[in-house]
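User: I am new to this structure and would love a close look at one part of it. Could you take me through it slowly, and then show me what else is worth seeing?

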Amino acid sequence: MKKVYLDNNATTMVDPKVKEAMDPFFCEIFGNPNSLHDFGTKTHPYLRKAMDQLYNGINARDEDDIVITSCATESNNWVIKSVFFDHIKNGEKNHVITTEVEHPSVLAAFKWLESQGVKVTYLPVNSEGIVEAHTVKDFIREDTALVSIMWANNETGMIFPIEEIAQICKENGVLFHTDGVQAIGKIKVDVQKAGIDYMSFSAHKFHGPKGVGGLYIKAGKELTPLLHGGEHMRGLRSGTLNVPGIVGMGEAMELASYYLEFEAKKVRALRDKLEDALLEIPDTFVVGSRDKRVPNTILISVRGVEGEAMLWDLNRAGIAASTGSACASEDLEANPVMEAIGAEADLAHTAVRLSLSRFTTEEDIDYTIEVFKKAVERLRSISSSYAYKPENI
Ligand code: 7TS
């Protein structure tokens with residue numbers, strides 16, 4: 001059976017060139033970089049190269065602006081909790097701002113802050129699923145310590161006006177963190193031009209390995225270490241360095257920058273072809289205008305078709321997609337982003353996310369169009385709630 005992977009916003013295939021670059025660091029160059037003997041020091045030039053690849057990839061000033069973490073969940077939690085310890089716990093400030101559509105690793109960390117008595121503003125999004133920069137300005141208060149807003153949304157692919165938001169935060173003396181996970185490798189990310197203070201990223205979202213990520217920290221901006229120990233990463237984040245992971249993430253970042261122009265165009269063309277074809281199906285809706293989205297993502301709603309049911313049909317045909325809704329025992333939860341944008345109740349459960357990568361082929365797309373259309377027909381024919389209404393088109 002043909003296999004088509006269209007869940008690249010969840011994770012990506014490791015690029016074979018990345019795997020090749022990582023291979024020597026398991027059985028040959030396996031020393032601990034902190035060891036004084038040759039086994040340890042042999043890793044140093046490779047780590048230096050990886051750090052160069054990383055800071056160049058996001059146009060940070062130098063490698064001192066980057067700390068390696070285990071994933072974006074760690075990076076997001078670190079920034080949010082560190083701001084709590086540095087600026088809130090001591091009574092200096094007591095308010096933070098985020099959006100309703102952040103990844104759970106941001107939202108859950110803010111929920112924890114709320115449990116500590118911190119006031120959190122969850123900014124509402126517009127019908128396209130983004131927050132306008134002026135909205136951020138309206139909610140900043142005297143005691144606002146941090147604004148955390150993602151660069152691109154994982155469900156919709158919508159790109160937030162990061163540069164404008166960063167500027168507003170700067171003017172108001174508020175720290176600005178962005179979750180850059182879904183932006184890297186999809187659009188140009190220039191942390192200095194954008195003027196952000198902190199940015200989280202994760203290797204497995206751009207064809208690197210799982211279990212390694214990073215945090216950009218603008219020069220002069222501090223963070224309190226959450227992992228204390230052997231003073232690794234300039235004392236900011238202790239723990240023996242994940243050498244294969246770091247080497248792999250560096251290589252993946254360099255490849256992402258290299259492929260960006262070509263890949264983005266090719267991926268965009270395939271995404272648009274898929275989207276055009278699926279929108280030919282009556283009663284289907286895609287969230288957000290194309291030109292404001294990263295080039296690989298479609299969040300599509302098919303009226304009358306439960307998102308999970310569609311996933312099963314696609315999966316049976318070898319196609320991997322996803323839905324933000326989780327299947328609880330009896331209840332099907334609505335996609336939180338669909339709820340945040342105020343989607344009609346009968347559409348909130350129907351969202352299916354299709355996310356492409358540079359490894360997606362034209363044949364993958366043709367096959368997906370064929371399978372998807374058949375699945376809609378089948379599922380609508382057995383749906384008790386769906387009645388074709390021409391006025392809905
Ligand atoms: N931030 C965003 C925007 C994400 O999309 C994800 C993962 C994370 C953080 C967490 O990254 P990790 O490095 O800790 O794994 N997003 C998804 C997703 O959309 N479907 O599955 C995982």
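Which residue in β6 is the bridge partner of S148?

Analyst: Happy to help! Please keep in mind that this is a predicted model. The bridge partner of S148 in β6 is H177. That pair belongs to the link between β5 and β6, so let us start with β5 and work outwards.

Strand β6 covers residues 175–179, and 3 bridges join it to β5, with the two strands running parallel. β5 also has a partner in strand β3, which spans residues 95–99. There, too, the pairing is parallel and extends over 3 bridges. Within the pairing of β3 and β5, V96 has L146 of β5 as its bridge partner. In general, the strands of a sheet are held in pairs by backbone hydrogen bonds, in either a parallel or an antiparallel arrangement.

How enclosed is β5 by the rest of the structure? Of its 5 residues, 5 are buried, which means that β5 is largely enclosed by the rest of the structure. T144 is a good residue to look at here, since β5 runs over residues 144–148 and T144 is part of it. T144 has a relative accessible area of 0%, so it counts as buried. Its side chain has a polar contact of 2.8 Å with the side chain of H95. A polar atom of the T144 side chain also lies 2.7 Å from the backbone nitrogen of R141.

Another buried residue is I165, whose relative accessible area is 0%. I165 sits in helix α8, which covers residues 162–171. Its C-alpha atom is 9.2 Å from that of G195, although 30 residues separate the two along the chain.

Now let us turn to the ligand. It is surrounded by 17 residues, and the closest are T73, D179, Q182, S202 and K205. For K205, an N or O atom of the side chain is 2.8 Å from a nitrogen atom of the ligand. Two further side chains come up against oxygen in the ligand: N154 places a polar side-chain atom 3.0 Å from an oxygen atom of the ligand, and H204 likewise has a polar side-chain atom 3.0 Å from a ligand oxygen atom.

The aromatic rings make a good next stop. A pair of such rings is described by how far apart the centres are and by the angle of the planes. This structure holds 5 aromatic pairs. One of them is formed by F30 and F39, a tilted pair with 5.7 Å from centre to centre and 45° between the planes. F39 is partly exposed, because its relative accessibility is 49%. In the pair of F84 and F85, the ring centres are 5.3 Å apart and the planes meet at 65°, so this pair is edge-to-face. Are these two residues buried or exposed? F84 is buried, at a relative accessible area of 5%, whereas F85 is partly exposed, at 38%. Together with W112, F84 and F85 form one aromatic cluster. W112 also has K81 over its face, at 5.5 Å from the ring centre.

Further along the chain there is an open sheet of 3 strands, in the order β9-β10-β12 and with antiparallel pairing. Its edge strands are β9, residues 284–286, and β12, residues 351–355, each of which pairs on one side only. From one strand to the next, the twist averages 25°. β10 covers residues 297–302, and its antiparallel pairing with β12 extends over 5 bridges. Here S301 stands opposite A351 of β12.

Finally, have a look at the loop between β8, residues 213–217, and α10, residues 243–279, where E231 is placed. E231 is not a glycine, yet it has a positive phi of about 65°. With a relative accessible area of 56%, E231 is exposed. R234 is in the loop between β8 and α10 as well. Its phi is also positive, near 55°, and R234 is a residue other than glycine. R234 counts as partly exposed because its relative accessibility is 44%.

Technical notes. Residues numbered from 1 in each chain as written. Predicted model: local features only at pLDDT ≥ 70, side-chain atom pairs only at ≥ 80, totals over all residues. Heavy atoms only, no water. Pairing = 2+ DSSP bridges. Helix = DSSP H or I, 4+ residues; strand = E, 2+ residues; numbered from the N terminus. Axes fitted to C-alpha atoms, helices over the stretch in contact; angles between N-to-C directions. Phe/Tyr/Trp six-rings, centres within 6.5 Å; stacked < 30°, edge-to-face > 60°. Buried < 20%, exposed > 50% of the residue type's maximum accessible area, 1.4 Å probe, protein only. Lys NZ or Arg CZ within 6 Å of the ring centre and 35° of its normal. Near = heavy atom within 4 Å. Polar contact = N/O pair within 3.5 Å; in protein donor to acceptor, adjacent residues only side chain to side chain.
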